[in-house]
Amino acid sequence: MSTVEEAPDFLEVLSDGSVKRFVPGVVPASPESTNGFKSKDVIIDSSKPITGRIFLPGNPTSLSKLPVVVYFHGGGFCIGSTTWPGYHHFLGGFSVASQSIVISVDYRLAPENRLPIAYEDCYCTLDWLGHQVSSEPWLDQADLSRVFLSGDSAGGNISHNVAVKVIWNKISHVKISGLLLIHPYFGSEKRTEKEMAEEGAGDVASIDMFWRLSIPEGSNHDYFGCNFEKTQLSATEWIDEFPAVAVYVAGLDFLKERGVMYAEFLQKKGVKEVKLVEAEKESHVFHVFHPESEATRLLERNMTEFIRSH
């Protein structure tokens with residue numbers, strides 16, 4: 001059996017179509033408070049399956065309602081899990097820093113489940129949230145009028161596309177107050193200047209591989225899930241209905257250019273509020289690889305400020 005696609009240490013796709021994923025470790029949920037937060041695994045849809053992990057501050061500073069952050073992990077739509085140590089510790093710490101309820105979603109992965117399945121799975125989480133808020137004790141303090149969508153890399157891409165589906169479907173049981181995209185993963189058939197440069201060849205090859213594995217067969221990089229310029233919203237929907245957005249980029253991240261382009265695109269469309277924040281000396285998804293770093297603490301503070309202002 002030969003290898004046809006590979007991301008060393010993370011993913012190997014074999015010639016028979018089977019996929020090997022290499023997990024960097026798993027952290028179990030802990031219903032007892034550890035490091036200031038507690039966590040619980042939940043089943044969002046057993047038929048697909050879609051699962052998730054709820055993070056709560058161990059000792060909420062208020063007895064009133066708490067905002068809800070629905071988080072989508074990264075991994076090029078092909079790898080990743082909320083159970084990975086980096087995600088578990090970052091999201092738990094963030095629930096404390098922001099005094100919010102964080103629901104992190106384990107959606108189905110490509111290439112076995114190509115887009116738009118990840119979008120559909122993550123959108124389903126909002127329906128689940130609306131139905132579970134009255135019966136799940138861990139959601140007792142959930143304020144469904146202040147729901148935020150967030151994610152890193154492919155998860156940032158998912159946040160955008162789930163927000164669009166919310167607008168299309170005019171859902172009313174949750175209100176999306178804002179998007180927080182961390183190092184979002186987008187593309188297009190037209191290469192950027194950085195992508196065409198010789199020194200970027202290795203990064204482009206890796207990015208292209210993940211797109212090849214995740215978009216529908218026969219599609220190209222102008223697929224709507226890849227190219228945000230293909231988003232189907234009216235001028236009025238962009239201006240009146242698209243939520244406030246914070247885009248977080250990293251100075252050393254090859255995807256920074258696309259993140260900046262996304263923020264500029266939203267501004268041109270007249271989105272009510274678009275904030276662009278750069279961590280100058282940091283790399284792609286540094287908060288997952290270094291959840292205890294000062295740069296991650298600063299990211300948490302910036303995200304917390306955004307949530308509190310909406």
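**Exercise 1. A small sheet**

Task: Work out the strand order of the three-stranded open sheet, and say which strands lie at its edges.

Solution.
Step 1. The three strands of this open sheet come in the order β1-β2-β3, and their pairing is antiparallel.
Step 2. Look at the ends of that order. β1 (3-7) and β3 (19-21) are the edge strands, since each pairs on one side only.
Step 3. Check the turn between neighbours. On average, neighbouring strands of this sheet are turned by 10 degrees against each other, direction ignored.
Step 4. Keep in mind that this is a predicted model.

**Exercise 2. Inside the sheet and across it**

Task: How many bridges join β1 and β2, and which helix lies across these strands?

Solution.
Step 1. Strand β2 covers residues 11-14. Four bridges join β2 to β1 in the antiparallel sense.
Step 2. Take one residue as an example. Glu6 has Glu12 in β2 as its bridge partner.
Step 3. Recall the general rule. Strands of a sheet pair through backbone hydrogen bonds, either parallel or antiparallel.
Step 4. Now add the helix. α5 (residues 201-214) lies across β1 and β2. The angle between α5 and β1 is about 120 degrees.

**Exercise 3. A covered strand with two partners**

Task: Find the strands that pair with β6, and name the bridge partners of Tyr71.

Solution.
Step 1. Start with burial. Strand β6 (residues 66-72) is mostly covered, with seven of its seven residues buried.
Step 2. One partner is strand β8 (residues 142-152): six bridges join it to β6, and the two run parallel.
Step 3. Another partner is β7, joined to β6 by five bridges, again in parallel.
Step 4. Follow Tyr71. Its bridge partner in β8 is Ser150. In β7, the partner of Tyr71 is Ser104.

**Exercise 4. Rings that meet**

Task: Classify the aromatic pair of Phe228 and Tyr262, and say where its two residues lie.

Solution.
Step 1. The structure holds 18 aromatic pairs. Phe228 and Tyr262 form one of them, with 5.4 Å centre to centre and 70 degrees between the planes.
Step 2. Apply the cut-off: planes over 60 degrees apart count as edge-to-face. The pair is therefore edge-to-face, given its 70 degrees.
Step 3. Locate the residues. Phe228 is in the loop between α5 and α6 (235-241), while Tyr262 is in helix α7 (residues 256-269). They are 34 residues apart, so the pair links distant parts of the chain.
Step 4. Test burial. Phe228 is buried at 3% relative accessible area, and Tyr262 is buried at 0%.
Step 5. Ring pairs also build a cluster: Phe77, Tyr119, Tyr185, Trp211, Tyr223 and Phe224.

**Exercise 5. Charges over rings**

Task: Which rings have Lys38 and Lys165 over them?

Solution.
Step 1. The charged end of Lys38 sits over the ring of Trp138, 5.3 Å from the centre of that ring.
Step 2. Lys165 lies over the face of Tyr123, 5.2 Å from the ring centre.

**Exercise 6. Salt bridges across the chain**

Task: For three salt bridges, find where the residues lie and decide whether each is buried, partly exposed or exposed.

Solution.
Step 1. The whole structure has 15 salt bridges.
Step 2. Arg53 and Asp41 meet in one of them, at 2.6 Å from N to O. Arg53 is in strand β5 (residues 50-57) and Asp41 in strand β4 (residues 37-45), 12 residues apart. Buried means under 20% relative accessible area. Arg53, at 1%, is therefore buried. Asp41, at 43%, is partly exposed.
Step 3. Arg114 and Glu217 meet at 3.7 Å, N to O. Arg114 lies in the loop between β7 (101-106) and α2 (117-132), and Glu217 in the loop between α5 and α6, so the pair ties together parts 103 residues apart in sequence. Arg114 is buried at 19%, whereas Glu217 is exposed at 69%.
Step 4. Glu237 and Lys170 meet at 3.5 Å, N to O. Glu237 is in helix α6, and Lys170 is in the loop between α3 (154-169) and β9 (176-182), 67 residues apart. Glu237 counts as buried at 16%, and Lys170 as partly exposed at 47%.
Step 5. Extend this last pair. Lys170, Glu237 and Glu241 are linked in a network of salt bridges.

Conventions. Residues numbered from 1 in each chain as written. Predicted model: local features only at pLDDT ≥ 70, side-chain atom pairs only at ≥ 80, totals over all residues. Heavy atoms only, no water. Pairing = 2+ DSSP bridges. Axes fitted to C-alpha atoms, helices over the stretch in contact; angles between N-to-C directions. Contact = heavy atoms within 4.5 Å. Phe/Tyr/Trp six-rings, centres within 6.5 Å; stacked < 30°, edge-to-face > 60°. Buried < 20%, exposed > 50% of the residue type's maximum accessible area, 1.4 Å probe, protein only. Lys NZ or Arg CZ within 6 Å of the ring centre and 35° of its normal. Salt bridge = Lys/Arg side-chain N within 4 Å of Asp/Glu carboxyl O.
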